[in-house]
Structures are given as structure tokens and as C-alpha cells.
Amino acid sequence: MVDQLLTRTDVATPALSRPRRFRLINLPVWAWLTLIVLLPNLLLIGTSFLRIRNGFMTFEPSLANYQRLWDSAGFWALLFRTLKFSLLGSGIAALIAYPMAYFVGRGVRRNKALLVTLVLVPLWISLLMRVFAWRLILGQSGLLNSFLVSSGVLDKPSEAFLYTSASVVLVFTYIAIPYIFISTLNAFEKLPQSLLEASEDSGASGLRTFLHVVWPLTRRSLAIGVSLAFLITVGDFVTPAMIGGVDGTTIGVMISSQFGMANNWPYGAAVAIVLMLCCGAIVGIVMALCPARGVLLGDEGQRPAARDTPGARTLRLAGSLGVTLTVLFLYAPILLMAAFSFNASSMQSFPMAGFSLRWYEELAGNQGLLVAAQRSLLVAFMVVTFSTIVGTSFALILHYGKIAGARFCEFTIGLPIATPGVVLGIVMVLGTEWLKIPSGVIRTTVGQSSFVLPVVMMLVLSRLRRLDPSLLEASLDLGADKIRSFVFVLFPLIRGAVVGGALLGLTLSADDVMVTLFLAGPQQTLPIWVFNQMRFGFTPTVNAVFALLAVACLAIVIVATRIGAKARGATA
Amino acid sequence: MSLAEQPILVLDGVDKTYEGGTKPALDRVSFQVARGEFFSILGPSGSGKTTLLRMIAGFETPDRGRVVMDGEPITHVPPFKRDVRTVFQSYALFPHLTVRGNVEYPLRMARHGRADRARMALEALALVDMTSYADRLPHQLSGGQRQRVALARAIVCRPKILLLDEPLGALDLRLRQQMQHTLVSLQKELGIAFVYVTHDQGEALSMSNRVAVMREGRIAQLGTPEELYFDPASEFVAQFVGRSNLIPVTFQPGDGGHVAVIDGERFPRLNAAKAGPARLALRFEAVRVVPASEGAGDLSGVVEDVLFLGTNLEVNVRCGSLNIIASIPAARTPTLAHGQPVNILLDLSNARVFHG
């Protein structure tokens, strides 16, 4: 999934090139990708051919699990429904996010950074919380019903909104929008204005310019965004479990139950493999439908923003309206949840009873929650420290070390990011089980690092690729050795990416349910504790937890943006 | 007025101030371009020449004034409906289309048939000698080749006017000279009016029928290359076109008018109607240098440095408080060296005096 439309700076050859050969420094990279990525995935494949006898796995290789799947009409219906939900959700999100990215990327002149941050902030706020918040809107006593009943459209609250397939698609759309927005925004920003003018100059109207120039140059980014959103939603078993009800069950729920209550790992593994194959096929088709061709040379130049014509003004008005509505859509559940955390009544319904801090007071006295929160902090600290140091080192090795098969290593280490959450969860269960890592904090740390480390690594790598290679050469030329060049030149230049990766890793770790649920055992982290609370009855304390978490996430985002702005100021 | 005499392009009192800008980018600009003319717009960066070009192409609308093409007012016609093509400074080749696809693009937009398109595109590519690269993508071409493709794309539809926005800026010297010849012969062959924007006076003078020199949004002078070169209307033009010394001079009352005084020396050959300080614009090649031992001159000085430019030498001579540069034919054996005392002779027949 590498963007083919690289700018020339991206393909610059790294400094310090050396012949490719085996070197000791490359060993950790190979060890990581073997033990954490390849081996667990091979175990998954192997397990799918085993059987369960008397509640234990036995080594009797057979195709029995696949035979059972093949014959099961229920499985095919479930698989089809799962793929349909995710494709619909990602597709609808694309219809919203792609025009919005076009508008923000090319039409907006003022407050652009603010708009982009607004759309991206929800990515940093707990997925669990955002999903849960939708219950406040769609539920029987939720916002939507209250509004419809009080305005006289309905006589009594409807049950039709929550626990349906439509509600799952809605929430998937909600999850997908920021991902598709961010990956297409970049493509629109990179698109040189001179190409659009050249098209117009050649006699093409606005529509034909879009069809023949804009679309071919942005479709690959859209495909990447849609694929990402698809993979994230297809492996999501939290949303269907909380929002979907019976009609909204997906294959993720089925896999997680095979590794949970049903306790049939081989069967679950077989389901996971079929899911992975389907995902691979769908992503392949999406990519094939949106081919990338040619290379932007980066010297096409950026011209003044769009001209003021009456048509453009109307379009801009429509664009602003669309963006406002989308931002409202993204924030409504979050704001609603924050409001309910101050609600005096324990009933989650309108009208609210009055202002109260009782849920926050209850939090302070809740022993289970405090222990879980402490554990979350511990896990997050270990995951972030380890992933940042090792991920940055890996990026440096891959970029400068001339490791044999650098592309392969990068792709393989990054694989967990592209693995549907539920599958990654069971893959890590199998891997850590085999490596004899005890369940609990250590196992959770390893499991979360499997996807936090590649995030840090890729952020740092992309920064390294954009660096002017002659900067490091200049430092060496001016008499600094490699270590001092790193300390005084390289590190200050990549610090922004390292810190950004660490902060993103922090929220990813603090928020994770999909993977952690399988690994934590009795040692629950905060999101797992909350998830269990919600499954076995609900207390409004959860609103208060989430409100606090959201504030913490926002604080991190603000700090990150500050650091980012400083870093940009320093390099500009 | 017969059709042949009607200008292909008329700009009439065009004003433009950008949003948030304090100074106008274009200030009452008027000119006409004749059919088949090679018209250049010359000026330093920020003088408004690119704005002017974008206005002809339709990417900018004037605040005031009119743009008329072939008798039709087109001030508010969008770019894609104008019979004008642009060769962009950055070439702006579509990265996802082959050379052929790029050249066929305007034909496709004009809804030509497939066979038609292929034939016309090949013809246009043949004109710029790029037929053998038809199936390459832009990033597989060199800068000069991309330039030719951009040119082919712009002329394939035979527009009435071709706009060129510093098209040679990114090329090396040899390619630039080669492309100048290509452009001139192409323009003769096609008979299309070329409007050529550049900051390189050499390009403008060598290729154009007429040149408009721009300064701060206005036309400083409009004329043939010869007029600009030998008869600059202002100090700015004198300095920008060709290479000139600007020598401070004072006119003092003398016999038969006012006589020039340069660096304390009286020049009875140079007279003016007005007394007081002025500046004398003198081309480098109007200055001769002789070694002090070989003869007298108007002024005496010392050689500071000598640049070898192939056919010419540029000699920088220090005369008292002045530095005067002379361009003299290069000799096989250098006769002038740093520190050598010399006398210089000024050929005042083409000199211009600017008061104020």
C-alpha cells in the first residue's frame, strides 16, 4: 500500500549508502518481524487445520474446519453481511470525506489547519467511547427518539434505531470518515494548481478537468483511505456487539467468541483466515479499480488559490455547509456524552435531570476502575517507551542501514496495522502463547507493541525519506562523526515525527480493546474494564470516565500540535 | 479596417489589484498584438508580466479595462472557451498521461475523433522532434524534452494566440539557445501570434518583433528590439535592456548651451538643454580602453578586473570615484591586467542622458 504518486524528494537516495550484506545491527529487525509478525501468523494458519477434542486442541491436521465453514450457510451469510457493512460504511464515508477533502485541500484559505485538526481529533478519542456515545443518540430514550417524540413525529419512542444493521453501517461510516479524509486531503494538497490550469487552458470545463486530471491523480489515495477504513471496521467487534444487536452481528463477534466463550480456537482461526483472504481480495480489487500512474515531479509549482467567480462562491458556500454538518456529525456523540456525565439522574434520557458531579465522585471511590486505570498507564508507558525507541531505531536501520529486503521488512513489520483488529488479537494470543509469555501486563504490552511500533517506525521513516540527504552529508563533511551528526543534525530534524509517533502510540495503547481483550486475562486495562461494565449492565460512571479520557486525549493533541508547530517553525 | 489589419489581441486600460495587495499588479496597461507577431513582455520579477499573461489566458479577470481577441471582447470568457493556449513555466504536463496522451488532451476536449487525434498529435510532436517519445510518461523525460512536449500540446489545436510563460527558464544555456531557434522557426511556420513572457533581455531582443518592457505594473516602453536598445525611454529601460554604465554627470553652463562634466572632466561633445545633475547611460561596447602608454583618452583610470566572455572582454576600470565597464573584443593575447593604468574613450553617439 505504498502511494505511487511520490514526489521527487521521496525517492531521493539515502546518504551513506553501503553495499548490502549481513550485519549484526539488522538482527533485531529480523528477530522482530519473525517472532512478532511471521511466526504468529503462521501459527494462525497452522491452528486452523487442527481440531478440538474434549475441549483441548489435538494435533490431527485436517480440512475439517474449512469443510464445516463451507457447509455452513450461516457462516456465509455472516461473512457476506460483515463485508457488506464495512464496504457500505467505507463507501458512504468516501462519498462524504472525498469531496470534503477536495474542498478543504483546495478551496479553504483561512482556518484550514483548524478544520483539519477538527476532523482528525475524533481519531484520537477512544473508539469505545465514540461507539458507546451513539447509544445515547440512537437508543430508546436517546436524543433521536426524544426529539421525534417531542416534535410529534412519533407517538412513542421507536426501537428501530439501535440494534439494527443500519445503525452498524452508520457507526462504521462515522469511524471511517476521518481516515478517508486524511489520506485524500494530502493528495488534493499535492495536486499542482498549474495542472488544473493547463487542463482548463486546453479547453476542458471544470467537470472534465475533474474527470481527466483530478480523479486520476487522487483516486489511489482514496483507495488507500477506503481500504484502511474497510480493514479497521471489518475487524471491529466492539461496534456490532454494542450497537448491532442480533441483526448487526458480524464475523468479528463470531471469531472473538470462538476464542472466548465457545473456546474453539481452530475453528475461530479458520474463520479468521477466510476473513483475511476476503479482505485481501477486496483491498486488491479496490486498488486495481484505482490505479496510479506517473510521478509528480514536485516542480509543477503551486499557484494562487481558486479564482473568485460567481459559481465558485456558490460552491464554497455549499462546501462550508457540508464541512460544518460533517464536523457536527463527528462531534455530536462526544459532546452528548460529556453532557450526560454531569446529569444528576441515572437515566440516560431527555430531558436531563440537572447538573451534578456525583458520577465523578463515584469514580474516585471505584476500586476496580482505579486499578484498571493504573494498569492502563503502566501498559501505555511500557508500550510507548519500547515502541518509540525500537521503532525509531528500526526506521534508522531500514533507511540508512541498507538492510537486504528493506521494502519487505517494512511491509512485514507494518502488517499488523493492516490486519483487522480481531484477527490481530487472536494472532497475538497464539504467538504469545507459543512464546510462553504469561497473560497479563507483559502479554498486553507485547500485543499492543505489535501495532504501535510500526506506527512510530512508519512516521519516522516517512520523515527520513523527506529529509534532504545532503544535510547529513554536510554534517559529515563539516567534521562531525556519525554519532555527533545524529545528535546535532538528524535527531533534531526527526524529533517531531518521533514525538508525534509516541503520542499517537499513547492514545492507541490507552484506547485499545480489540487486541487487549484477548491478552489481558484477569488483569484488565481501563478500556477492557469499561467494555465489561457495559456488557454486564451500565452505570453512568462510564460517561464520566470517557469525559475525562476525552479531555486527556485533547490535551495530548494540543501538546502534539504545539510541538509539531514548533518543529515546523524550526525547519522552515 | 480590413481583417488582415485588425489586431489579434487588444488590451485596453487593464487594471488589476490582488486581494490584500496594496500596489496594483497591473496599472492601466494597453497594447495590441498583430497577427503572426512575436510579441515579448520583458520585466523583472514582480513587474506584473505573469499577471498580464494569466489575464490573456483567462485565469485572472481585470478590475477595469477590456481584453479583445480578434474583434471579440473576451474579458469575462473562461479560459477553456478561449482560443488561446499556454506553455506553462513548469510545463504542467499531466503526470498520469503519456506524451501522446498529453498532446491529445486538448483535441479530446475539443471532441475530435480518435483517428484525427492520433494524426494531429503525431504532426505536432513531429514539429518539435519528439515523435519517438510518444509513449513515455512525463517523468521519464528530461527537462528539454518536457518543454518540447508542452509546446506540442499548446500548438496542436493551432490556437490564435500562443502564450509562453518563461518557457526556457529551467533549461541550460545550450538548450536555451537551441530552443530559441526552434521557437522562431516554429512561429514563422505556424503564423500564430506568440506572446512571450521573460525576464531575460537576450531572449526578448533576439526573438521578438516587438517588446513591452514592464515595470511595477506598467509598460515602461514598447517598441522594436532596436528601438529599446538604441533609444531607451528611461533609465530603467536603459539598464534593463542591454548592458549599460550609468555615469553621474553634471551639466554646467558653457559655450552654446550646457556642457557635461564627468568626474571633473569637461565634455564639450556632450550638451544638454538643462543644467544640473543627470545620469549618462552608456553601453559597455561604447567604451574603449587603451593602455596609458599607448595614447590619450577622455578619462584615465586603473583596471580593477577583467572578465573573459569568449568573444568579448569586460574590463572594469576605476576612474577616480567612478567604475566604468568596457566591453572590448577579446584578443588572443591578453593586453590588460589588474592594476594596469589605462585611458578610456567614450563613444557618445548612442549615449542617452536622463535628468532628475
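At roughly what angle do the axes of helix H15 and helix H20 of chain A cross? Keep that question in mind as you open the structure, which is a predicted model.

**Stop 1: two helices in chain A**

Select residues 367-400 of chain A for helix H15, then residues 482-511 of chain A for helix H20. Their axes come within 9 Å and cross at roughly 145°. The crossing of H15(A) with H20(A) is right-handed.

Now show the side chains where the helices meet. On H15(A), pick residues including Ser376(A), Val379(A), Ala380(A), Val383(A) and Gly391(A). On H20(A), their counterparts include Val498(A), Gly501(A), Ala502(A), Gly505(A) and Leu506(A). Try coloring this contact by class: you will find 8 nonpolar residues, 8 polar ones and no charged ones.

**Stop 2: the nonpolar cores**

Stay in chain A and select Ile180(A), Val238(A), Ala272(A) and Ile426(A). These four touch the most other members of the largest nonpolar core, which has 142 residues. Next, highlight helix H7 of chain A, residues 165-190: with 13 residues, this helix gives the core its largest share.

Zoom in on Val238(A). Leaving aside residues up to four places away in sequence, Val238(A) touches Leu127(A), Leu128(A), Val131(A), Val513(A), Met514(A) and Phe531(A).

A second core, separate from the one you just saw, holds 100 residues. To find part of this second core, select Val128(B), Ala152(B), Ala154(B) and Phe194(B).

**Stop 3: where the chains touch**

Show both chains together. The contact between them takes 19 residues from chain B and 23 residues from chain A. Which elements of chain B each supply at least two residues to the side that touches chain A? Select strand S6 (84-87) and helix H2 (99-109) of chain B to see them. H2(B) gives the most, with 3 residues. Color this side of chain B by class, and you get 14 nonpolar residues, 4 polar and 1 charged.

**Stop 4: a sheet in chain B**

Finish with an open sheet of 5 strands in chain B, running in the order S15-S19-S16-S17-S18 with antiparallel pairing. Strands of a sheet pair through backbone hydrogen bonds. Select residues 287-291 of chain B for S15 and 322-329 of chain B for S18: these are the edge strands, and each pairs on one side only. Look along the sheet for its twist, which averages 45° from one strand to the next.

For a last close-up, add strand S17 of chain B, residues 312-319, which pairs with S18(B) over 8 bridges in the antiparallel sense. Click on Cys319(B): its bridge partner in S18(B) is Leu322(B).

Key
Residues numbered from 1 in each chain as written. Chains lettered and ligands numbered in written order. Predicted model: local features only at pLDDT ≥ 70, side-chain atom pairs only at ≥ 80, totals over all residues. Pairing = 2+ DSSP bridges. Helix = DSSP H or I, 4+ residues; strand = E, 2+ residues; numbered from the N terminus. Axes fitted to C-alpha atoms, helices over the stretch in contact; angles between N-to-C directions. Contact = placed C-beta atoms within 7 Å. Nonpolar A, V, L, I, M, F, W, Y, C, P; charged D, E, K, R; others polar. Core = buried A, V, L, I, M, F, W, Y, C linked by C-beta atoms within 7 Å. Buried ≥ 20, exposed ≤ 12 C-beta atoms within 10 Å, placed from the backbone. Left-handed = near helix turned anticlockwise from the far one by under 90°.
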